[in-house]
Amino acid sequence: MTEIGKYFLFLGHLFTNRESFKTYYNLVMEECVSIGLGSVFLVALVSTFMGAVTTVQTAYNMVSDLIPDYVISQVAREMIVLELAPTIIAVIFAGKVGSSMASGLGTMRITEQIDALEVMGINSISYLVLPKIIASLLMYPMLVIIAGVCAMVGGYFAGTMTGVITPNDYIYGLRSGYNEFTVTFALIKSVAFAFLVSSISSYKGYNTQGGALEVGVSSTKAVTSSVIAVLVSDYLLAQLLLGK
């Protein structure tokens, strides 16, 4: 409970004694390039193979001849959009971006750069952390969209090249029974996950105490806490928005 209280107090300091809009704009753009462009290749690679594996394994489990082939891509679409694209990529996002945020802020803490900002009268939490959170909220939903598209393309090539489904059946399955709310739900989850990963990782890194060894410990704790928060919020959002 003490850690949770400190975390919410940490979030409260994000909006006090803020800098000028131009300052935040430049910082947010730098973070967007680092977070977004720096993660596109990894996200595209992982999601492509994720979609391919999902399609092949779904086809493997379709043991009845009474089930039409287009159901393979239909099931793969639901798995990708509802769960795999936003949640699995969030775990990767926590491991790559979250650990980078924590280690960067932790290094600034032990080298007294954060103390120097405070001495100059700058709110270090708002100056250092708020741009990271805003950039994550902007870029992670885009990464989820890219992941969903790449996963479906990967499933298309895996399914058609192995002969488990024809191209026409795959496209028909993607369109069959399409519910627009699934995409909306995935984007809602992506915003929540982006906030949790960026804020928790920044909190762990900002409160690093000790030396270089503790920076690695903070980075590890940041990834662990972020993944747990993502999984818990994933269930809560599913229960809230999809439960009957």
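Which residues does Ile-35 touch, leaving aside those up to four places away in sequence? Select Ile-35 and look around it. Its partners are Phe-93, Val-97, Met-101, Lys-132, Ala-135, Ser-136, Met-139 and Leu-143. Keep in mind that this is a predicted model.

**The whole chain**

Now zoom out and show the cartoon. You will find nine helices and zero strands. The C-alpha atoms fill a box of roughly 70 × 35 × 35 Å along the principal axes. Colour by burial next. The chain has 244 residues, and 44% of them count as buried. Then turn on the surface. About 12700 Å² is exposed, with carbon and sulfur atoms supplying 68% of that area. Colour the charges too. There are 12 positive and 15 negative side chains. The centres of these two sets lie 4 Å apart.

**The largest nonpolar core**

Go back to Ile-35 and add Phe-93 and Tyr-140. These three touch the most other members of the largest nonpolar core, which holds 26 residues. Highlight helix 2 (21–61), helix 3, helix 6 (130–162), helix 8 (180–206) and helix 9 (212–242): each gives two or more residues to this core. Helix 3 gives the most, with nine residues. Another core, of 20 residues, lies apart from it. To find that second core, select Tyr-24, Leu-105, Val-129 and Ile-133, which are among its members.

**Rings**

Select the aromatic side chains. The count comes to nine aromatic pairs. Stop at Phe-93 and Tyr-140, whose rings form a tilted pair. Their centres are 4.8 Å apart, with 50° between the planes. Phe-93 belongs to helix 3 and Tyr-140 to helix 6, so the pair ties together parts 47 residues apart in sequence. Are these two residues buried or exposed? Both Phe-93 and Tyr-140 are buried.

Now move to another group of rings. Select Tyr-7, Phe-8, Phe-10, Tyr-203 and Tyr-206; ring pairs link them into a cluster.

**Along helix 3**

Last, select Gly-95. This glycine is found in helix 3, which spans residues 70–110. Gly-95 has a relative accessible area of 35%, so the residue is partly exposed. Add Gln-113 and draw a line between the two C-alpha atoms. How far apart in space are Gly-95 and Gln-113? The distance is 25 Å, for a separation of 18 residues in sequence.

Finish with the contact view. Take the contacts in the chain with a separation of 6 or more: residues 24 or more positions apart account for 86% of them.

Notes
Residues are numbered from 1 along each chain as its sequence is written. This is a predicted model: local features need pLDDT of at least 70, side-chain atom pairs count only at pLDDT 80 or more; totals for chains, interfaces and linings use all residues. Side-chain values use heavy atoms; hydrogens and water are left out. Helices (H or I, at least four residues) and strands (E, at least two) are DSSP runs, numbered from the N terminus. Buried means under 20% relative accessible area, exposed over 50%, partly exposed in between (1.4 Å probe, protein chains only). Contact means heavy atoms within 4.5 Å. Accessible areas come from the Shrake-Rupley method with a 1.4 Å probe; for residues, only the protein chains shown count as cover. Lys and Arg count as positive and Asp and Glu as negative; His and the chain ends are not counted. The place of a charge is taken as NZ of Lys, CZ of Arg, CG of Asp or CD of Glu. A nonpolar core is a set of buried Ala, Val, Leu, Ile, Met, Phe, Trp, Tyr and Cys residues joined through side-chain atoms within 4.5 Å. Rings of Phe, Tyr and Trp (its six-membered ring) pair if their centres lie within 6.5 Å; planes under 30 degrees apart count as stacked, over 60 as edge-to-face and the rest as tilted.
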